[in-house]
Amino acid sequence: MSRIAIHAITRKGAELGQKLIAQLPGARLFVLDRQGDWGGEQALSLPLAEHLKQQFGSYDHHLFLFSAGIATRMLAPLLQDKRQDPGVVCIDENAHFAIPVLSGHRGGANQMAIRVAALLGATATLTTASDSSGLISVDTLGEPFGWHLDPDCEDDLTRVASAVVNHRPTLIWQQGGEKAWWQGQEPMPEHLKVSESAELPPVEAMDAAVVISRSRTLPKLTLPVALWRPRDLVLGIGCDRNTPQAVIEQGIEAFLQAHNLHPQSLARFASIDLKADEVGILGAAQNLELPFECFGADTLRDVKGVENPSDTVLRCIGVSSVAEAACLHSSGADKLLVPKFKYQGQGYNLTLAACVIPFEEPLARRAMKNFVSGPSRTRASHKGLATGGAPKPVRHYRHHLVVCEGGRCQQSGADGLAHQLRQILKEMNLSKGQNRIKVTRSHCAGACRQRATAVIYARGVDVNHSQWLQSLEGFSKEQWQRVFQALSEGRALAEVVPAQSLATMEPCP
């Protein structure tokens, strides 16, 4: 929980402070009441400058219920470094504006201003260039996801941020982690280029880069880099009973070194419930500030994707895999990043395996990104109708998906969706052949309350015939792949689509 101090110097400001305290758990109110008749329990008699000097470093956020001018004069002697200074927000006593005046990004003042403005019905006035321009903030990009900013890139941050806000070519190379970091309501500007390739894309035309990677060692770049470590690795662990913590930590370090993985990308440990009280693992998890999940043998026995089952382990504990099965189940992945790795120290045996947590992104949001290569964001143009020759039969299809791209569906994220779905069908080899799925975009389908919608028609008897889908703006590419796979296999979409995305139909009168 953030430590929040609220400071008021007028009666009206004190009343506003009481309102904020009721809505900000753990916040503390200070009132500079020189007359001594309205400050109550929070009243102070110190000079304001002395009071702020005493309290400045003890809180994560300071909310000043007085002018930015007063705040500036009082704060100047207290400032240390943007990586250490707390966030400061000034709020006028009429609650019209919430203005971050210090540590907008690293100290979280921008987000605090937005939060306070929502509580008070005020306007958050953000003056940092990336926020006011609707761009990315390179030094806080991964904070909402718990990513770590690599300290080795601190000296480059200003130059990377300058490239972003001055519309200089900037590469965003993402090798892992959550993909929903672009929160803009408009498509990404052309000077930002995204790549999710395993190998470093060409950087000759780039002025800066933001790298999101779990790799311990990366290709050497001559341009300024902001380096984020996503927390997307689940480490499966099996060990002899009473394996010392030191051995477990040495084994983990050897594992990470051997597979070029960064320790700050570890999200959690996973094992069998027989290890729930294993002191060495518990100590290592506590030391790395990571959660430790354990699962029963019945759960791990049925996990798919295990590559190295062991008959010996099966005889001893009833399952053929611990490290591989545990990380597969915990992560939700269907394949291992690193299969079973054996380590021995001080006569104790340790096995480790790793999986990447799969993160999906709504296709509508993904379409707003500007990828280095791949299909354009814009809808494909039509080449015109053929006017000569004999008419040809309509091409065979097994299912026909009609996607609404009317005005309201476009606002919900369906603009250009039909074109994107055709690209997915091509990748799945379902754009031709006996299981071909035809996609057509329509104008308003008259189902605006269902947000972005589509309806499926089938040739012949089919369990999914005339099924309506709704709220499609949240569907990821992976979800669409599951939909198309189910259609091609004749399975009911209820098996792969959330119930809230299947529209109900009125019964026939």
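What follows is a short chat about strands, salt bridges, cores and one loop residue in a predicted model.

Visitor: Let's start at the N-terminal end. Is strand β1 enclosed or open?

Guide: Enclosed, largely. Strand β1 covers residues 4–8, and five of the five are buried, so the rest of the structure largely encloses it.

Visitor: Which residues sit on which side of β1?

Guide: Ile 4, Ile 6 and Ala 8 are on one side. Ala 5 and His 7 are on the other. They are all buried, and both faces of β1 are covered.

Visitor: What's the general rule behind that split?

Guide: Side chains in a regular strand alternate between the two faces of the sheet.

Visitor: How many bridges join β1 to β4?

Guide: Five, and the two strands run parallel. β4 spans residues 61–65. Ala 8 has Leu 65 of β4 opposite.

Visitor: And β1 to β2?

Guide: Four bridges, again with a parallel run; β2 is residues 28–32. Ile 6 has Leu 29 as its bridge partner there. Between β1 and β2 the chain passes through helix α1, residues 11–21. That β-α-β crossover is right-handed.

Visitor: Switching sheets. What's the strand order in the open one with five strands?

Guide: β15-β14-β13-β17-β16, with mixed pairing. β15 (292–295) and β16 (338–345) are at the edges. Each has a single partner strand, so one side of each has no neighbour in the sheet. From one strand to the next, the twist averages 25°.

Visitor: How do β13 and β17 run?

Guide: Antiparallel, joined by seven bridges. β13 is residues 233–239. At Cys 239, the residue opposite is Leu 350 in β17.

Visitor: Which helix lies across those strands?

Guide: α11, residues 323–331. It lies across β13, β14, β15, β16 and β17, at about 30° to β17.

Visitor: Staying close to β17 in sequence, where is Phe 359?

Guide: In the loop between β17 (348–356) and α12 (363–366). Phe 359 is partly exposed, at 21% relative accessible area.

Visitor: What does Phe 359 contact, beyond its sequence neighbours?

Guide: Leaving out neighbours within four places, Phe 359 is in contact with Gly 177, Glu 178, Lys 179 and Asp 232. Take Asp 232: it is 127 residues from Phe 359 along the chain, yet their C-alpha atoms are separated by 8.8 Å.

Visitor: Electrostatics now. How many salt bridges in the whole structure?

Guide: A search finds 20. One of them pairs Arg 216 with Glu 253, at 2.7 Å from N to O.

Visitor: What does that pair tie together?

Guide: Arg 216 is in the loop between β11 and β12, while Glu 253 is in helix α7 (residues 245–258). So the bridge ties parts that are 37 residues apart in sequence.

Visitor: Are those two buried or partly exposed?

Guide: Partly exposed. Arg 216 has 24% relative accessibility. Glu 253 has 30%.

Visitor: Which residues form a salt-bridge network?

Guide: Glu 196, Glu 361, Arg 366 and Lys 369. Glu 361 meets Arg 366 at 3.4 Å, N to O. Glu 361 also meets Lys 369, at 3.1 Å, N to O.

Visitor: Buried or partly exposed, for those last three?

Guide: A mix. Glu 361 is buried at 4% relative accessible area. Lys 369 is buried too, at 2%. Arg 366 is partly exposed at 22%.

Visitor: On to the nonpolar side. What's in the largest core?

Guide: 33 residues. Ile 136, Ile 172, Trp 181 and Val 210 have the most contacts inside it. The elements giving two or more residues are α6 (157–165), β9 (170–174), β10 (192–195), β11 and β12. β11 gives the largest share, five residues.

Visitor: Zoom in on Ile 172. What does it touch?

Guide: Not counting residues up to four places away in sequence, Ile 172 touches Ile 136, Trp 181, Leu 192, Lys 193, Val 194, Ser 195, Val 210 and Ile 212.

Visitor: Which residues are in the second core?

Guide: Leu 401, Ala 452, Ala 486 and Leu 493 are among them. That core is separate and has 28 residues.

Definitions and conventions:
Residues numbered from 1 in each chain as written. Predicted model: local features only at pLDDT ≥ 70, side-chain atom pairs only at ≥ 80, totals over all residues. Heavy atoms only, no water. Buried < 20%, exposed > 50% of the residue type's maximum accessible area, 1.4 Å probe, protein only. Contact = heavy atoms within 4.5 Å. Pairing = 2+ DSSP bridges. Axes fitted to C-alpha atoms, helices over the stretch in contact; angles between N-to-C directions. Right-handed = clockwise from strand over helix to strand, strands pointing away. Salt bridge = Lys/Arg side-chain N within 4 Å of Asp/Glu carboxyl O. Core = buried A, V, L, I, M, F, W, Y, C linked by side-chain atoms within 4.5 Å.
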